[in-house]
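User: Hello! I have a fold to go through and would like the reasoning behind the labels, please.

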Amino acid sequence: MATLPNPLPTLAADPGGRALGLRLPAGVLVDTTDAGSWHEPLLWCARERSRPGDRELLEPARRSGLLPVVLDVGGGHGGPDRWELAPAGVSYPGDHDAEEVLAEHWARHAADGDPWPGADTAPPAHRDPDEVAAEVTDTLVDDGGPLKDPRLALVPARRSADVPAAIGWTGAVHHEADPARLGAVLRDWEDRFGIRVTGLGFDQLLVSVAAPPTTLADARAVAAEHFAFCPGNVRHGADPTLRAYAEQQVLGRRTWHFWWD
């Protein structure tokens, strides 16, 4: 995958990140992959559980090419050093077409003869995506949030949508082996809906949404995209229909949560 220069090695000698204009809590650099140690750190991860407001400590990192994300190290899977990250086999998100990726997965998982409906049109952006991401992050790290043991992390990436590909994340490997293909969809959603990748777990991904669909028709169109992106989101619901999923998980929602098995 094509990458920018990686600022993370400077944290080995400067754990607090002063040279990068940061005030980092205690953390660890992760270079562990499914094939041994990577040639440089893939990410930095805080040692202690994160709390609301902690993300503000990481915001200046953007100027150095490091993007914040919350990692869930709970749920029995441990931290990212145990996630079998596989950066060696990752392509580049910009080399893939989001519509083609979604159409391909739709054809594989939808009912026979049910044609791909096509991607939804983009609603106008009403909120600043990074402000929404900060608000969503506070809900992720709050006690009782969806993540069992959230830790702030920094990833060297060009844009938020590239974070899973940048670390060689394999959480969706049984659905899509190359996270860059999912990254192409995330880039498209970033452009259309103002999403930001705010949370990653061993097999889950959460994004904030600055401009969610506001009509049921638009939400149903986006629900079809979600089904192609992560079929289990719809199939494992109490009412496994696109309409129910659109109403409950898409319409006006500021967070989209995906989980693969």
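User: Let's start with the overview: how many helices and strands are there in the protein chain?

Analyst: Happy to help! This is a predicted model, and its protein chain has eight helices and nine strands.

User: What makes the protein chain as compact as a globular protein of that length?

Analyst: The comparison is with the globule rule, which gives 18 Å for 261 residues. The radius of gyration of the protein chain is 18 Å, close to that value, so the chain is as compact as a globular protein of that length. Along the principal axes, its C-alpha atoms fill a box of roughly 55 × 35 × 35 Å. Of the 261 residues, 52% count as buried. As for contacts with a separation of 6 or more, 74% come from residues 24 or more positions apart.

User: Why is the pair of F229 and W260 called edge-to-face?

Analyst: Two cut-offs decide this. Ring centres must lie within 6.5 Å to pair, and planes over 60 degrees apart count as edge-to-face. F229 and W260 are 5.7 Å apart centre to centre, with 65 degrees between the planes, so both conditions are met. This belongs to a set of 10 aromatic pairs in the structure.

User: Why does that pair tie together parts that are apart in sequence?

Analyst: F229 lies in helix α6 (residues 216-229), whereas W260 is in the segment after β9 (255-259), so the pair joins parts that are 31 residues apart in sequence. There is also a wider group here: W169, W189, F193, F229, W256, F258 and W260 form one aromatic cluster.

User: How do you know that F229 and W260 are buried rather than exposed?

Analyst: The limit for buried is under 20% relative accessible area. F229 has 1% relative accessibility, so F229 counts as buried. W260 has 5%, so the label applies to W260 as well.

User: Which residues touch the most other members of the largest nonpolar core?

Analyst: They are F229, W256 and F258, in a core of 50 residues. Helix α6 gives the most to this core, with seven residues. Apart from it lies another core of 20 residues, among them L8, L22, L152 and A210. As a general point, nonpolar side chains tend to be buried together in soluble globular proteins. Leaving out residues up to four places away in sequence, W256 touches several residues, including W189, F193, L205, V222 and V250.

User: V250 is in α8. What do the buried residues of α8 pack against?

Analyst: In helix α8 (residues 242-250), the residues A244, Y245, A246 and V250 are buried. The buried residues of this helix pack against α6, α7 (231-235) and β9. Just after α8, G252 takes a positive phi of about 70 degrees.

User: Why is the contact between R55 and E59 called a salt bridge?

Analyst: The test is a side-chain nitrogen of Lys or Arg within 4 Å of a carboxyl oxygen of Asp or Glu. For R55 and E59 the N to O distance is 2.7 Å, so the contact qualifies. The two partners carry separate burial labels: R55 has 5% relative accessibility and counts as buried, while E59 has 25% and counts as partly exposed. R55 and E59 also belong to a network of salt bridges with R62, D130, R159, E190, D191 and R196.

User: And how do you know that R108 and E104 meet in a salt bridge?

Analyst: Their N to O distance is 3.5 Å, and the cut-off is 4 Å, so R108 and E104 pass. Both lie in helix α2 (residues 98-109), four residues apart, about one turn of the helix. R108 counts as partly exposed at 47%, and so does E104 at 38%. Another salt bridge links D149 and R151 at 3.0 Å, N to O. R151 is buried, with a relative accessible area of 17%. In total, the structure holds 16 salt bridges.

User: Last one: what makes E84 exposed?

Analyst: Exposed requires a relative accessible area over 50%. E84 has 56%, so E84 is exposed. E84 is found in the loop between β5 (66-72) and α2. Its phi is near 55 degrees, a positive value in a residue other than glycine. For context, most residues other than glycine have a negative phi.

Definitions and conventions
Residues are numbered from 1 along each chain as its sequence is written. This is a predicted model: local features need pLDDT of at least 70, side-chain atom pairs count only at pLDDT 80 or more; totals for chains, interfaces and linings use all residues. Side-chain values use heavy atoms; hydrogens and water are left out. Rings of Phe, Tyr and Trp (its six-membered ring) pair if their centres lie within 6.5 Å; planes under 30 degrees apart count as stacked, over 60 as edge-to-face and the rest as tilted. Helices (H or I, at least four residues) and strands (E, at least two) are DSSP runs, numbered from the N terminus. Buried means under 20% relative accessible area, exposed over 50%, partly exposed in between (1.4 Å probe, protein chains only). The radius of gyration is taken over C-alpha atoms; the globule rule is 2.2 Å times the number of residues to the power 0.38. Contact means heavy atoms within 4.5 Å. A nonpolar core is a set of buried Ala, Val, Leu, Ile, Met, Phe, Trp, Tyr and Cys residues joined through side-chain atoms within 4.5 Å.
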